[in-house]
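Biologist: I should like to learn how to read the features of a model of this kind. May we proceed one feature after another?

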Amino acid sequence: MKAKIRKYPYDLKIGFRLRKSSFIELHKRAYKAQQVDHLEVCGVLVVDEERVIDLRYLENASRNSYEYEIRLADIAEIELELRSSGEWILGTFHSHPVSSAEPGVGDLERGFLNGVELIHDVCGRAAKLWNSSEAHGEVRAAEIPLAIIEG
Ligand SMILES: [Zn+2]
């Protein structure tokens with residue numbers, strides 16, 4: 001997934017924050033999709049100057065179970081909208097209907113817009129944020145701190 005999306009320019013390791021209301025909505029939507037043939041929800045992570053993540057849901061272009069596909073045109077549209085706002089597209093997110101919030105091989109190959117992916121585990125009711133990096137021809141993911149805050 002390589003579009004001309006500006007890369008978040010600040011340090012990722014400090015971590016990010018997600019409002020409790022955003023987390024609850026994510027879980028509700030992901031659970032609902034899971035109940036329909038184990039579908040996934042997906043979208044982009046928009047982050048503001050306070051490092052608070054806003055989840056922007058996009059249509060899952062894949063109709064298959066356990067899969068998600070985000071159209072580049074949908075991401076590009078949000079990027080354009082954010083250009084003069086002080087907000088950034090941090091990466092992408094999707095849900096796992098029955099598996100843990102760790103990225104699978106396919107996620108590492110096709111997800112991780114600009115190296116960042118948030119994954120929500122529906123069964124475990126847990127969201128984790130990941131940063132991918134490549135070393136010696138191998139792509140790995142390391143967890144980035146994600147705090148759930150009031151609001
Ligand atoms: Zn996945």
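**Reading the core and the sheet**

Modeller: This is a predicted model, and we may begin with its interior. The largest nonpolar core comprises 34 residues, and those with the most contacts inside it are Leu45, Val47, Ile53, Ile89 and Leu90.

Biologist: Which element supplies the largest share of this core?

Modeller: Strand 2 does, with 5 residues. At least two core residues come from each of strand 1, helix 1, strand 2, strand 3, strand 4, strand 5 and strand 6.

Biologist: Which residues does Val47 touch?

Modeller: Leaving aside residues up to four places away in sequence, Val47 touches Tyr8, Phe16, Val52, Ile53, Glu87, Trp88 and Leu90.

Biologist: Let us turn to the sheet. In what order do the strands lie?

Modeller: The sheet is open and consists of 8 strands in the order 7-6-5-4-2-3-1-8, with mixed pairing. Strand 7 (138-144) and strand 8 (146-149) are at the edges; each has a single partner strand, so one side of each lacks a neighbour in the sheet. From one strand to the next, the twist averages 35 degrees.

Biologist: How many bridges join strand 5 to strand 6?

Modeller: There are 6 bridges between strand 5 (residues 116-121) and strand 6 (residues 126-135), and the two strands run antiparallel. One of the pairs is Asp121 with its bridge partner Ala126 in strand 6.

Biologist: Which strands does helix 1 lie across?

Modeller: Helix 1 (residues 20-35) lies across strand 1 (16-19), strand 3 (52-58), strand 4 (88-96), strand 5, strand 6 and strand 8, and runs at about 70 degrees to strand 1. Helix 2 (residues 72-82) also packs on the sheet, where it touches strand 2 (42-47), strand 3 and strand 4. The direction of helix 2 makes about 145 degrees with that of strand 4.

Biologist: I should also like to consider backbone angles. What is the phi of Arg51?

Modeller: Arg51 has a positive phi of about 65 degrees, although it is not a glycine. Arg51 is found in the loop between strand 2 and strand 3.

Biologist: Why does Arg51 count as partly exposed?

Modeller: The class follows from a count of neighbours: a residue is buried with 20 or more other C-beta atoms within 10 Å, and exposed with 12 or fewer. Arg51 is partly exposed because it has 15 other C-beta atoms within 10 Å.

Biologist: Where is Arg125?

Modeller: Arg125 lies in the loop between strand 5 and strand 6. Arg125 is not a glycine, yet it has a positive phi of about 50 degrees. It has 13 C-beta neighbours inside 10 Å and therefore counts as partly exposed.

Methods. Residues numbered from 1 in each chain as written. Predicted model: local features only at pLDDT ≥ 70, side-chain atom pairs only at ≥ 80, totals over all residues. Pairing = 2+ DSSP bridges. Helix = DSSP H or I, 4+ residues; strand = E, 2+ residues; numbered from the N terminus. Axes fitted to C-alpha atoms, helices over the stretch in contact; angles between N-to-C directions. Contact = placed C-beta atoms within 7 Å. Core = buried A, V, L, I, M, F, W, Y, C linked by C-beta atoms within 7 Å.
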